[in-house]
Amino acid sequence: MRFELALEIIGDNVVGLSDYEAALQLQTILVTACEGKRDGEPAIIYQQLRRWAMSKAGWASAIPSFIKGCHDLPSFWSYIRGVSDQWEPRRQHVREALSPLLSVSELSPVVAKSSNWTGIQSAAERFSAAKAMLPVAQASIEALIAHYERGQGNGGPPLDEHEEAIKALRELHQKLGDIIKLVESEKPIPARLQREAVDFLRRSVKEVKDDLMPFTASALCMVVFSALGFPNVGSWLGAAALSIRKSSDKI
(Lines give C-alpha, C1' and ligand atoms only; values in the text may rest on other atoms or scores of the structure.)
Protein backbone atom coordinates (compact mmCIF):
# COMPACT_ATOMS: atom_id res chain seq x y z
CA MET A 1 0.00 0.00 0.00
CA ARG A 2 1.29 3.46 -0.88
CA PHE A 3 0.65 6.26 1.56
CA GLU A 4 -0.02 9.87 0.56
CA LEU A 5 2.65 12.02 2.18
CA ALA A 6 1.50 14.91 4.36
CA LEU A 7 -2.23 14.43 4.77
CA GLU A 8 -4.21 17.63 5.04
CA ILE A 9 -6.18 17.79 8.28
CA ILE A 10 -8.73 20.56 8.78
CA GLY A 11 -10.21 20.69 12.27
CA ASP A 12 -10.91 17.03 13.10
CA ASN A 13 -11.37 15.88 9.49
CA VAL A 14 -8.81 14.33 7.14
CA VAL A 15 -9.29 16.01 3.76
CA GLY A 16 -10.27 13.49 1.09
CA LEU A 17 -10.91 10.61 3.51
CA SER A 18 -13.92 9.59 5.55
CA ASP A 19 -13.30 8.92 9.24
CA TYR A 20 -13.56 5.19 8.56
CA GLU A 21 -11.01 5.36 5.71
CA ALA A 22 -8.62 7.35 7.90
CA ALA A 23 -8.98 4.81 10.73
CA LEU A 24 -8.32 1.97 8.27
CA GLN A 25 -5.18 3.71 7.08
CA LEU A 26 -4.02 4.08 10.69
CA GLN A 27 -4.58 0.35 11.20
CA THR A 28 -2.67 -0.50 8.01
CA ILE A 29 0.32 1.57 9.13
CA LEU A 30 0.41 -0.14 12.53
CA VAL A 31 -0.02 -3.64 11.08
CA THR A 32 2.86 -2.94 8.72
CA ALA A 33 4.93 -1.57 11.60
CA CYS A 34 4.48 -4.90 13.39
CA GLU A 35 7.05 -6.22 10.89
CA GLY A 36 9.53 -3.51 11.82
CA LYS A 37 8.69 -1.03 9.05
CA ARG A 38 8.69 2.22 10.97
CA ASP A 39 10.48 4.82 8.81
CA GLY A 40 9.68 7.07 5.86
CA GLU A 41 6.19 8.11 4.81
CA PRO A 42 4.29 5.77 7.19
CA ALA A 43 6.09 7.31 10.17
CA ILE A 44 4.91 10.78 9.16
CA ILE A 45 1.36 9.67 8.41
CA TYR A 46 1.12 7.78 11.71
CA GLN A 47 1.84 10.96 13.68
CA GLN A 48 -0.74 12.89 11.67
CA LEU A 49 -3.43 10.24 12.05
CA ARG A 50 -2.65 9.77 15.75
CA ARG A 51 -3.21 13.49 16.36
CA TRP A 52 -6.37 13.35 14.23
CA ALA A 53 -7.85 10.40 16.15
CA MET A 54 -7.06 11.93 19.53
CA SER A 55 -8.70 15.20 18.51
CA LYS A 56 -12.06 13.55 17.76
CA ALA A 57 -14.65 14.36 20.41
CA GLY A 58 -16.08 11.27 22.09
CA TRP A 59 -13.48 8.88 20.71
CA ALA A 60 -11.16 8.66 23.73
CA SER A 61 -12.49 5.33 24.98
CA ALA A 62 -12.16 3.76 21.51
CA ILE A 63 -8.49 4.69 21.05
CA PRO A 64 -6.08 1.91 22.13
CA SER A 65 -3.74 2.78 24.97
CA PHE A 66 -0.68 2.06 22.82
CA ILE A 67 -1.73 4.79 20.35
CA LYS A 68 -2.17 7.23 23.21
CA GLY A 69 1.22 6.32 24.62
CA CYS A 70 3.24 5.87 21.42
CA HIS A 71 3.92 9.26 19.88
CA ASP A 72 5.79 7.78 16.90
CA LEU A 73 6.41 4.45 15.19
CA PRO A 74 9.77 3.77 16.88
CA SER A 75 8.06 3.93 20.27
CA PHE A 76 5.27 1.68 18.94
CA TRP A 77 7.93 -0.77 17.76
CA SER A 78 9.35 -0.92 21.28
CA TYR A 79 5.85 -1.63 22.58
CA ILE A 80 4.79 -4.24 20.01
CA ARG A 81 7.99 -6.31 20.38
CA GLY A 82 6.93 -6.93 23.96
CA VAL A 83 3.59 -8.37 22.81
CA SER A 84 5.17 -11.20 20.81
CA ASP A 85 8.33 -12.07 18.93
CA GLN A 86 6.26 -13.19 15.93
CA TRP A 87 4.56 -10.98 13.34
CA GLU A 88 1.11 -12.55 13.20
CA PRO A 89 0.31 -12.32 16.94
CA ARG A 90 1.41 -8.68 16.82
CA ARG A 91 -0.84 -7.96 13.85
CA GLN A 92 -3.77 -9.70 15.52
CA HIS A 93 -3.18 -7.66 18.68
CA VAL A 94 -3.36 -4.42 16.65
CA ARG A 95 -6.52 -5.44 14.79
CA GLU A 96 -8.32 -6.43 17.96
CA ALA A 97 -7.29 -3.24 19.77
CA LEU A 98 -8.42 -1.06 16.86
CA SER A 99 -11.79 -2.76 16.42
CA PRO A 100 -13.64 -0.23 18.65
CA LEU A 101 -12.04 2.68 16.79
CA LEU A 102 -13.09 1.28 13.41
CA SER A 103 -16.61 0.74 14.70
CA VAL A 104 -17.03 4.30 15.99
CA SER A 105 -15.43 5.79 12.87
CA GLU A 106 -17.76 3.80 10.63
CA LEU A 107 -20.72 5.50 12.30
CA SER A 108 -19.35 9.00 11.66
CA PRO A 109 -21.30 11.00 9.05
CA VAL A 110 -19.54 11.55 5.75
CA VAL A 111 -18.97 15.28 5.35
CA ALA A 112 -19.47 16.38 1.74
CA LYS A 113 -17.35 19.19 0.41
CA SER A 114 -19.37 22.35 -0.02
CA SER A 115 -17.92 22.74 -3.51
CA ASN A 116 -19.78 19.58 -4.54
CA TRP A 117 -23.07 21.45 -4.43
CA THR A 118 -22.15 25.15 -4.49
CA GLY A 119 -19.38 25.02 -7.08
CA ILE A 120 -17.32 27.32 -4.82
CA GLN A 121 -14.00 26.11 -3.49
CA SER A 122 -13.31 26.53 0.21
CA ALA A 123 -10.09 28.18 1.35
CA ALA A 124 -8.72 24.77 2.34
CA GLU A 125 -9.48 23.32 -1.10
CA ARG A 126 -7.85 26.28 -2.85
CA PHE A 127 -4.80 25.89 -0.59
CA SER A 128 -4.55 22.20 -1.42
CA ALA A 129 -4.95 22.88 -5.15
CA ALA A 130 -2.27 25.58 -5.07
CA LYS A 131 0.15 23.26 -3.28
CA ALA A 132 -0.31 20.56 -5.92
CA MET A 133 -0.67 22.63 -9.09
CA LEU A 134 1.50 25.73 -8.91
CA PRO A 135 4.85 23.92 -9.20
CA VAL A 136 3.45 22.34 -12.38
CA ALA A 137 2.51 25.81 -13.62
CA GLN A 138 6.04 27.06 -12.97
CA ALA A 139 7.46 24.19 -15.00
CA SER A 140 5.13 25.11 -17.88
CA ILE A 141 6.27 28.72 -17.71
CA GLU A 142 9.92 27.68 -17.77
CA ALA A 143 9.25 25.59 -20.88
CA LEU A 144 7.59 28.55 -22.62
CA ILE A 145 10.41 30.93 -21.68
CA ALA A 146 13.02 28.48 -22.96
CA HIS A 147 11.04 28.09 -26.19
CA TYR A 148 10.92 31.83 -26.84
CA GLU A 149 14.52 32.48 -25.83
CA ARG A 150 15.72 30.13 -28.55
CA GLY A 151 14.90 32.83 -31.08
CA GLN A 152 15.48 31.70 -34.61
CA GLY A 153 17.18 28.53 -33.40
CA ASN A 154 20.65 29.71 -34.48
CA GLY A 155 21.87 30.88 -31.10
CA GLY A 156 20.82 34.46 -31.72
CA PRO A 157 18.76 36.69 -29.42
CA PRO A 158 15.00 36.18 -29.03
CA LEU A 159 12.78 37.59 -31.75
CA ASP A 160 11.53 41.13 -31.09
CA GLU A 161 7.90 39.98 -31.06
CA HIS A 162 8.74 37.55 -28.25
CA GLU A 163 10.29 40.08 -25.88
CA GLU A 164 6.97 41.05 -24.29
CA ALA A 165 5.95 37.40 -23.95
CA ILE A 166 9.20 36.58 -22.16
CA LYS A 167 8.82 39.58 -19.85
CA ALA A 168 5.22 38.68 -18.93
CA LEU A 169 6.12 35.04 -18.36
CA ARG A 170 9.05 35.95 -16.11
CA GLU A 171 6.81 38.21 -14.03
CA LEU A 172 4.22 35.44 -13.75
CA HIS A 173 6.93 32.95 -12.77
CA GLN A 174 8.11 35.28 -9.99
CA LYS A 175 4.58 35.84 -8.64
CA LEU A 176 3.89 32.11 -8.57
CA GLY A 177 7.20 31.61 -6.78
CA ASP A 178 6.07 34.08 -4.10
CA ILE A 179 2.76 32.24 -3.76
CA ILE A 180 4.47 28.84 -3.52
CA LYS A 181 6.65 30.10 -0.66
CA LEU A 182 3.53 31.19 1.22
CA VAL A 183 1.80 27.88 0.54
CA GLU A 184 4.82 25.86 1.70
CA SER A 185 4.93 27.84 4.95
CA GLU A 186 1.13 27.41 5.28
CA LYS A 187 0.51 31.14 5.22
CA PRO A 188 -2.55 32.72 3.56
CA ILE A 189 -2.18 34.06 0.02
CA PRO A 190 -3.00 37.80 -0.08
CA ALA A 191 -5.75 38.71 -2.54
CA ARG A 192 -3.45 41.33 -4.05
CA LEU A 193 -0.86 38.70 -4.93
CA GLN A 194 -3.53 36.47 -6.47
CA ARG A 195 -4.81 39.36 -8.61
CA GLU A 196 -1.29 40.19 -9.78
CA ALA A 197 -0.66 36.58 -10.78
CA VAL A 198 -3.95 36.47 -12.69
CA ASP A 199 -3.14 39.77 -14.46
CA PHE A 200 0.28 38.50 -15.53
CA LEU A 201 -1.30 35.27 -16.74
CA ARG A 202 -3.75 37.23 -18.90
CA ARG A 203 -0.85 39.26 -20.33
CA SER A 204 1.11 36.06 -20.99
CA VAL A 205 -1.80 34.42 -22.81
CA LYS A 206 -2.28 37.56 -24.90
CA GLU A 207 1.41 37.57 -25.89
CA VAL A 208 1.56 33.87 -26.76
CA LYS A 209 -1.76 33.71 -28.61
CA ASP A 210 0.01 32.68 -31.83
CA ASP A 211 2.24 30.18 -30.10
CA LEU A 212 2.91 26.75 -31.56
CA MET A 213 2.67 25.21 -28.09
CA PRO A 214 -1.10 25.39 -27.46
CA PHE A 215 -1.08 22.41 -25.12
CA THR A 216 1.46 24.06 -22.83
CA ALA A 217 -0.49 27.33 -22.85
CA SER A 218 -3.73 25.47 -22.18
CA ALA A 219 -2.30 23.55 -19.21
CA LEU A 220 -0.80 26.74 -17.83
CA CYS A 221 -4.13 28.57 -17.94
CA MET A 222 -6.09 25.79 -16.29
CA VAL A 223 -3.50 25.13 -13.57
CA VAL A 224 -2.97 28.74 -12.50
CA PHE A 225 -6.62 29.81 -12.45
CA SER A 226 -7.82 26.61 -10.77
CA ALA A 227 -5.12 26.82 -8.11
CA LEU A 228 -6.04 30.42 -7.37
CA GLY A 229 -9.74 29.60 -7.04
CA PHE A 230 -11.03 30.50 -10.52
CA PRO A 231 -11.73 27.06 -12.08
CA ASN A 232 -14.33 28.31 -14.57
CA VAL A 233 -12.05 31.06 -15.89
CA GLY A 234 -9.22 28.52 -16.10
CA SER A 235 -11.28 26.10 -18.15
CA TRP A 236 -12.43 28.86 -20.53
CA LEU A 237 -8.96 30.29 -21.13
CA GLY A 238 -7.46 26.81 -21.29
CA ALA A 239 -9.90 25.85 -24.05
CA ALA A 240 -9.17 29.12 -25.85
CA ALA A 241 -5.44 28.52 -25.70
CA LEU A 242 -5.85 24.95 -26.91
CA SER A 243 -7.79 26.07 -29.98
CA ILE A 244 -5.14 28.61 -30.99
CA ARG A 245 -3.32 27.95 -34.24
CA LYS A 246 -0.54 29.85 -35.95
CA SER A 247 -1.76 31.99 -38.80
CA SER A 248 0.13 29.70 -41.17
CA ASP A 249 -2.13 26.81 -40.12
CA LYS A 250 -5.13 28.74 -41.41
CA ILE A 251 -3.75 29.05 -44.92
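The exercises below, each with a worked solution, go through a predicted model of one protein.

Residues are numbered from 1 along each chain as its sequence is written. In this predicted model, local features need pLDDT of at least 70 and side-chain atom pairs count only at pLDDT 80 or more, while totals for chains, interfaces and linings use all residues, and side-chain values use heavy atoms, with hydrogens and water left out.

**Exercise 1. Describe the order of helices and strands in the protein.**

Solution. Begin with the terms: helices (H or I, at least four residues) and strands (E, at least two) are DSSP runs, numbered from the N terminus. Next, count the elements, which gives eleven helices and two strands. Finally, read along the sequence, where the pattern is β-β-α-α-α-α-α-α-α-α-α-α-α.

**Exercise 2. Decide whether S61 is buried or exposed, and place S61 in the chain.**

Solution. First locate S61, which lies in the loop between helix 2 (41-55) and helix 3 (65-69). Then recall the cut-offs for relative accessible area: buried means under 20%, exposed over 50%, and partly exposed in between (1.4 Å probe, protein chains only). Because its relative accessible area is 76%, S61 is exposed. As a last step, look along the chain to P100, 39 residues apart from S61, and find 8.5 Å between the two C-alpha atoms.

**Exercise 3. Find which residues touch the most other members of the largest nonpolar core, and which helices supply it.**

Solution. A nonpolar core is a set of buried Ala, Val, Leu, Ile, Met, Phe, Trp, Tyr and Cys residues joined through side-chain atoms within 4.5 Å. The largest one has 28 residues, of which L30, Y46, L49, W52, I67, F76 and V94 touch the most other members. Turning to the helices, at least two residues of this core come from each of helix 1 (19-33), helix 2, helix 3, helix 4 (73-81) and helix 5 (87-106). Helix 1 contributes the most, namely seven residues. Now take F76 as an example: leaving aside residues up to four places away in sequence, F76 touches L30, A33, C34, F66, C70 and V94, where a contact means heavy atoms within 4.5 Å. A second, separate core has 19 residues, among them L169, L172, I179 and L193.

**Exercise 4. Work out where the pLDDT is under 50.**

Solution. Start from the meaning of pLDDT, the predictor's confidence in each residue, from 0 to 100. The protein averages 74, and 61% of the residues score at least 70. Over residues 116-120 the pLDDT stays under 50, and the model gives this stretch four contacts beyond four places in sequence. Residues 231-251 are also below 50, with 30 contacts in the model beyond near neighbours in sequence.
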